[in-house]
Amino acid sequence: MQNANTILSILNQKSVQNKQFVFDRLYRNVFNQDFFMEAYRKMYAKQGNMTAGTDGQTIDGFKKSKVISLIEKLRKEQYYPRPVRRTYIPKKNGKKRPLGIPTFEDKLVQEVLRQILDAIYEPIFLNTSHGFRPNRSCQTALFQIKKVSTSTRWVVEGDITGCFDNVDHDILIQLLSRKISDGRFL
């Protein structure tokens, strides 16, 4: 089995070469232990991983045997994400923002899927898109506006309340299925 970085590079190249390319047979990549070890490497130092999800588990005590067990559940299609633990974080204005804390096992699967989706979609996103992308932020968007829009006098910032709480999953799946034809992956 190829390592995760090689597979991600191949997915990325296909997406760069042909923006209309439709990917299939992606689900088999979640059986690759290297994807999970790479996901763990990206996650282990983050302090939030010591916060337990609804199963009471944290990143502490991570073992390769957990990855093997998780891959087996995925292979048999017996993996089901658990409900997230809901907590509220205070905002500057005194209100509270909801935060969902998934189980560590769910975080691992999410990171594996994120890596695959990034490899496919990053090459086709517009250069002017800055939201939730690697090495991009509000600051890079502002820098681009300042550099490109020299006659701009003001910018309006907006915040859509509960945006991610109200994502229509049917529409999301429709959008993803334009580039991904693997029903198991979707």
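Which helix is glutamate 38 found in? Select glutamate 38 and you will land in helix H2; we will come back there after a look at the whole chain.

**Before you start**

This is a predicted model, in which local features need pLDDT of at least 70 and side-chain atom pairs count only at pLDDT 80 or more, while totals for chains, interfaces and linings use all residues. Residues are numbered from 1 along each chain as its sequence is written, and side-chain values use heavy atoms, with hydrogens and water left out.

**Stop 1: the whole chain**

Show the protein chain as a cartoon and you should find six helices and two strands. Here helices (H or I, at least four residues) and strands (E, at least two) are DSSP runs, numbered from the N terminus. Starting from that end, the order of elements is α-α-α-β-β-α-α-α. Along the principal axes, the C-alpha atoms fill a box of roughly 55 × 45 × 30 Å.

Now switch on the surface. The protein chain exposes about 13200 Å², with carbon and sulfur atoms supplying 53% of it; accessible areas come from the Shrake-Rupley method with a 1.4 Å probe, and for residues only the protein chains shown count as cover. Of the 186 residues, 28% count as buried. Buried means under 20% relative accessible area, exposed means over 50%, and partly exposed is in between (1.4 Å probe, protein chains only).

**Stop 2: helix H2**

Select residues 33-43, which make up helix H2, and colour its buried residues: Phe35, Phe36, Glu38, Ala39 and Met43. Look down the axis of H2: these buried residues line one face of the helix, because they fall within an arc of 160 degrees. That arc is taken from the directions from the helix axis to the C-beta atoms. What do the buried residues of H2 pack against? Add helix H1 (4-17), helix H3 (64-75) and helix H4 (104-121) to the view to see their partners. Contact here means heavy atoms within 4.5 Å.

Next, zoom in on the N-terminal end of H2. Asparagine 32 caps it, with a side-chain oxygen 2.8 Å from the backbone nitrogen of aspartate 34.

Back to glutamate 38, as promised. This residue counts as buried, at 14% relative accessibility. Leaving aside residues up to four places away in sequence, glutamate 38 touches Asn5 and Gln115.

Then click on methionine 43, also found in helix H2. Is methionine 43 buried or exposed? With a relative accessible area of 6%, methionine 43 is buried. Not counting residues up to four places away in sequence, its contacts are Asn49, Ile59, Phe104, Lys107, Leu108 and Glu111. For isoleucine 59, 16 residues apart from methionine 43 along the chain, the C-alpha separation is 8.7 Å.

**Stop 3: two loop residues**

Pick arginine 25 in the loop between H1 and H2. Arginine 25 has a positive phi of about 55 degrees although it is not a glycine, and with a relative accessible area of 53% it is exposed.

Asparagine 135, in the loop between H4 and H5, has a positive phi as well, near 60 degrees, and is likewise not a glycine. At 78% relative accessibility, asparagine 135 counts as exposed.

**Stop 4: a nonpolar patch**

Finish by selecting phenylalanine 164, in the loop between helix H5 (138-148) and helix H6 (169-176). Phenylalanine 164 is exposed, with a relative accessible area of 58%. Together with Phe132, Val167 and Leu172, Phe164 makes a nonpolar surface patch of about 450 Å². Patches are made of residues with over 30% relative accessible area and no salt bridge: like charges are joined within 9 Å, nonpolar side chains (Val, Leu, Ile, Met, Phe, Trp, Tyr) within 5 Å. A salt bridge is a side-chain nitrogen of Lys or Arg within 4 Å of a carboxyl oxygen of Asp or Glu.

Methods
Polar contact = N/O pair within 3.5 Å; in protein donor to acceptor, adjacent residues only side chain to side chain.
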